[in-house]
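The exercises that follow are meant to be worked through with the sequence and the model side by side. Try each task before reading the solution beneath it.

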Amino acid sequence: MAVQTTLLPQGPGTSFGGPVIVGPRSSASATQNFGNQGAALLSQVVSVSQNGTTAVSVTCQIPKHSHIVDFYADSTVPWNSATSAILSIGTTAADTTFVNGLTLQTSTAGNGRLKPTFTTTQLAAMGDTGTNENVVFTVTPTGATSAGSTFITMLYRQTQNYLNN
């Protein structure tokens, strides 16, 4: 299966500057706060592959003030680090603003979909990413690693602050 891990600015596809809002009406009346519209859920996928005993980081960008909904890690090749292979997700390499301590090592994780457990601090950071646009995915192996490849999917929605400031 081929997975596109980056989006090319020239398409094909349609690009929007603001969030994609779906539904026929914004509200039923002036006194009702919500109609039947909703913001589209967006995703980005990165691929992280082992590099011996070196930590591997991949950076993607999202609009400012986005709301991160969730992360999924799908290992297509299990990580065989001697001690551990830990996924962290944050605003810089090895940062744990969004995810900390998700193990990708074969002896504990196996080969399949993993989902992190979030702290209240991480959930608050995911609720509004502020002016930060970088999301950095880092796998830090401990011990010799000769195999390991994981696709990490980030689900998020763009804020209605379409000016992106």
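A residue is called buried when its relative accessible area is under 20%, exposed when that value is over 50%, and partly exposed in between. Please keep in mind throughout that this is a predicted model.

**Exercise 1. Describe the overall build of the protein chain: how many helices and strands are there, and in what pattern do they follow one another?**

Step 1. The protein chain holds two helices and ten strands.

Step 2. Taken in sequence order, these elements give the pattern β-β-β-β-β-β-β-α-β-α-β-β.

Step 3. Of the 165 residues of the protein chain, 33% count as buried, and the accessible surface comes to about 9,200 Å², with 53% of that area belonging to carbon and sulfur atoms.

Step 4. Among contacts with a separation of 6 or more, 75% are made by residues 24 or more positions apart.

**Exercise 2. Find the salt bridges, and decide for D70 whether the residue is buried or exposed.**

Step 1. A search of the whole structure gives two salt bridges. As background, side chains of opposite charge can pair when their charged atoms come close.

Step 2. One of the salt bridges joins K115 to D70, with 2.9 Å between the closest N and O atoms. This pair links distant parts of the chain, since K115 sits in the loop between β8 (113–114) and α2 while D70 belongs to strand β5, 45 residues away.

Step 3. D70 has a relative accessible area of 8% and is therefore buried, whereas K115, at 44%, is partly exposed.

Step 4. The side chains of D74 and R113 form a salt bridge as well, again with an N to O distance of 2.9 Å. Because D74 lies in strand β5 and R113 in strand β8, the pair ties together parts that are 39 residues apart in sequence. R113 counts as exposed, because its relative accessibility is 56%.

**Exercise 3. Which residues have the most contacts inside the largest nonpolar core, and which strands supply it?**

Step 1. The largest nonpolar core has 25 residues, and those with the most contacts inside it are I68, F71, I89, V135, F137 and M154.

Step 2. At least two residues of this core come from each of β3 (42–49), β4 (56–61), β5 (67–77), β6 (84–90), β7 (99–103), β9 and β10 (149–157).

Step 3. To follow one core residue outward, take V135, whose contacts beyond four places in sequence include I68, F71, I89 and M154, and also V58, T59, C60 and I62.

Step 4. T59, on the other side of one of these contacts, is placed in strand β4 and counts as partly exposed, because its relative accessibility is 48%. Apart from neighbours within four places in sequence, T59 is in contact with N134, V135 and V136.

**Exercise 4. Two threonines, T129 and T138, are to be compared: where does each lie, and which polar partners does its side chain have?**

Step 1. T129 is located in the loop between α2 (120–127) and β9 (134–142), while T138 is found in strand β9.

Step 2. T129 has a relative accessibility of 10% and so counts as buried; T138, with a relative accessible area of 1%, is buried too.

Step 3. A polar atom of the T129 side chain lies 3.0 Å from the backbone nitrogen of S66 and 3.4 Å from the backbone nitrogen of H65. The side chain of T138, for its part, makes a polar contact of 2.8 Å with the side chain of S57.

Step 4. Setting aside residues up to four places away in sequence, T129 touches I62, P63, K64, H65, S66, I68 and F98, and T138 touches A55, V56, S57, I86, L87, S88, A93 and A94.

**Exercise 5. Turn to the surface: which residues form a nonpolar patch, and where is V20 placed?**

Step 1. The nonpolar surface patch is formed by F16, V20 and V22, which together have about 280 Å² of accessible area.

Step 2. V20 is placed in the segment before β1 (21–22), and because its relative accessibility is 32%, V20 counts as partly exposed.

Definitions and conventions:
Residues are numbered from 1 along each chain as its sequence is written. This is a predicted model: local features need pLDDT of at least 70, side-chain atom pairs count only at pLDDT 80 or more; totals for chains, interfaces and linings use all residues. Side-chain values use heavy atoms; hydrogens and water are left out. Helices (H or I, at least four residues) and strands (E, at least two) are DSSP runs, numbered from the N terminus. Buried means under 20% relative accessible area, exposed over 50%, partly exposed in between (1.4 Å probe, protein chains only). A polar contact is a pair of N or O atoms within 3.5 Å; within protein, one must be able to donate a hydrogen and the other to accept it, and residues adjacent in sequence count only if both atoms are side-chain atoms. Contact means heavy atoms within 4.5 Å. A nonpolar core is a set of buried Ala, Val, Leu, Ile, Met, Phe, Trp, Tyr and Cys residues joined through side-chain atoms within 4.5 Å. Patches are made of residues with over 30% relative accessible area and no salt bridge: like charges are joined within 9 Å, nonpolar side chains (Val, Leu, Ile, Met, Phe, Trp, Tyr) within 5 Å. Accessible areas come from the Shrake-Rupley method with a 1.4 Å probe; for residues, only the protein chains shown count as cover. A salt bridge is a side-chain nitrogen of Lys or Arg within 4 Å of a carboxyl oxygen of Asp or Glu.
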